[in-house]
Amino acid sequence: MLNGDGLRVVLWVAGCSHCCRECQNPVTWDPNGGLPFTGVERAEIFAELDKGYISGITFSGGDPLHPANITEVTTLAREIKVKYPKKTIWLYTGAVWEDIQNEEIVRYLDVCVDGEFELEKKELLLKWRGSANQRVINVPATLREGKVVLHQD
Ligand code: SF4
């Protein structure tokens, strides 16, 4: 419930090179950390997404767009988009939108929360993000309009 609209499945991946000061998940920085992602975990995700009350999936970490993750996360996002077209896909990344907008994965995203966590811009009351520099981006509208459109709650 804290990682996007509704009740969601969340996949936290290992691997992040942004090294934000006071990151809440430094345990996820090591791309060799975490648990292996096998057919069992994959089946668990799809079983959860099958449930009517699940709004969609959120990819977080770590950084799902870290070089160690982006290929597999893109494949998973593509499959989920095809199988569950009415469910939403959110993704958190330390990269900024302008640097990732041409990646294949953005075509499958509904919302992208971008940018590193910046301690001096931390605000406790922000929704879906930790620091004011980060943006909660409506991806389809952004792609359509060719400029960043923010997600409206
Ligand atoms: S991008 Fe996220 S996971 Fe990576 S260091 Fe920054 S806050 Fe931590």
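A salt bridge here is a side-chain nitrogen of Lys or Arg within 4 Å of a carboxyl oxygen of Asp or Glu. The legends below describe close-up views of a predicted model.

**View 1. Lys51 and Glu48 form a salt bridge.** The closest N and O atoms of this pair are 2.9 Å apart. That lies within the 4 Å cut-off, so the contact counts. Lys51 is partly exposed, at 31% relative accessible area. Glu48 is partly exposed too, at 26%. Side chains of opposite charge can pair when their charged atoms come close. The structure holds nine salt bridges.

**View 2. A salt bridge joins Glu79 to Arg42.** The N to O distance is 2.8 Å. Glu79 belongs to helix H2, residues 70-83, and Arg42 to helix H1, residues 39-49. The pair therefore ties together parts that are 37 residues apart in sequence. Glu79 has a relative accessible area of 27% and is partly exposed. Arg42, at 32%, is also partly exposed.

**View 3. Lys121 pairs with Glu118 in a salt bridge.** Their closest N and O atoms are 3.1 Å apart. Lys121 is partly exposed, with 38% relative accessible area. Glu118 has 25% and counts as partly exposed.

**View 4. Glu98, Asp114 and Arg135 make up a salt-bridge network.** Two strands flank the loop that follows in View 8: S4 covers residues 111-114 and S5 covers residues 135-138. Asp114 and Arg135 of the network carry numbers found in those ranges. Glu98 has a number in the range of helix H3, residues 97-100.

**View 5. The ligand and the residues around it.** Which residues surround the ligand? They are Cys16, His18, Cys19, Cys20, Cys23, Trp29, Gly62, Gly94 and Phe117. By class, this shell divides into six nonpolar residues, three polar and no charged. Cysteine counts as nonpolar in this tally and glycine as polar, which means that Cys16 falls in the nonpolar group and Gly62 in the polar group. The space that the ligand takes is the largest pocket.

**View 6. A cis peptide bond links Gly61 to Gly62.** Omega is near 15° for this bond. Gly62 is found in the loop between S2 and H2. Strand S2 spans residues 56-60, and helix H2 spans residues 70-83. Gly62 is also one of the residues around the ligand.

**View 7. The loop between S1 and H1, with Ser17 and Glu22.** Strand S1 covers residues 8-12, and helix H1 covers residues 39-49. Ser17 is exposed, at 52% relative accessible area. Its C-alpha atom is separated from that of Pro67 by 9.6 Å, although the two residues are 50 apart along the chain. Glu22 is not a glycine, yet has a positive phi of about 60°. Glu22 is exposed, with a relative accessible area of 56%.

**View 8. The loop between S4 and S5, with Leu125 and Trp128.** Buried or exposed: which word fits Leu125? Leu125 counts as exposed, at 86% relative accessibility. In sequence, Leu125 and Gly115 are ten residues apart. In space, their C-alpha atoms are 18 Å apart. Trp128 shows a positive phi of about 70° although it is not a glycine. Trp128 is buried, with 14% relative accessible area.

**View 9. The largest nonpolar core has 28 residues.** Which of its members touch the most other members? They are Ile45, Phe59 and Ile80. Strands S1, S2 and S3 (88-92) each supply at least two residues of this core. Helices H1, H2 and H3 (97-100) each do likewise. Where does the largest share come from? Helix H2 gives that share, five residues. Helix H2 also holds Glu79, the salt-bridge partner of Arg42 in View 2.

Conventions
Residues numbered from 1 in each chain as written. Predicted model: local features only at pLDDT ≥ 70, side-chain atom pairs only at ≥ 80, totals over all residues. Heavy atoms only, no water. Near = heavy atom within 4 Å. 1 Å grid on protein atoms, 1.4 Å probe; cavity = no way out; pocket = protein on both sides within 12 Å on 5 of 7 lines; lining within 4 Å. Sits in = over half its atoms within 2 Å of the grid points. Helix = DSSP H or I, 4+ residues; strand = E, 2+ residues; numbered from the N terminus. Buried < 20%, exposed > 50% of the residue type's maximum accessible area, 1.4 Å probe, protein only. Core = buried A, V, L, I, M, F, W, Y, C linked by side-chain atoms within 4.5 Å.
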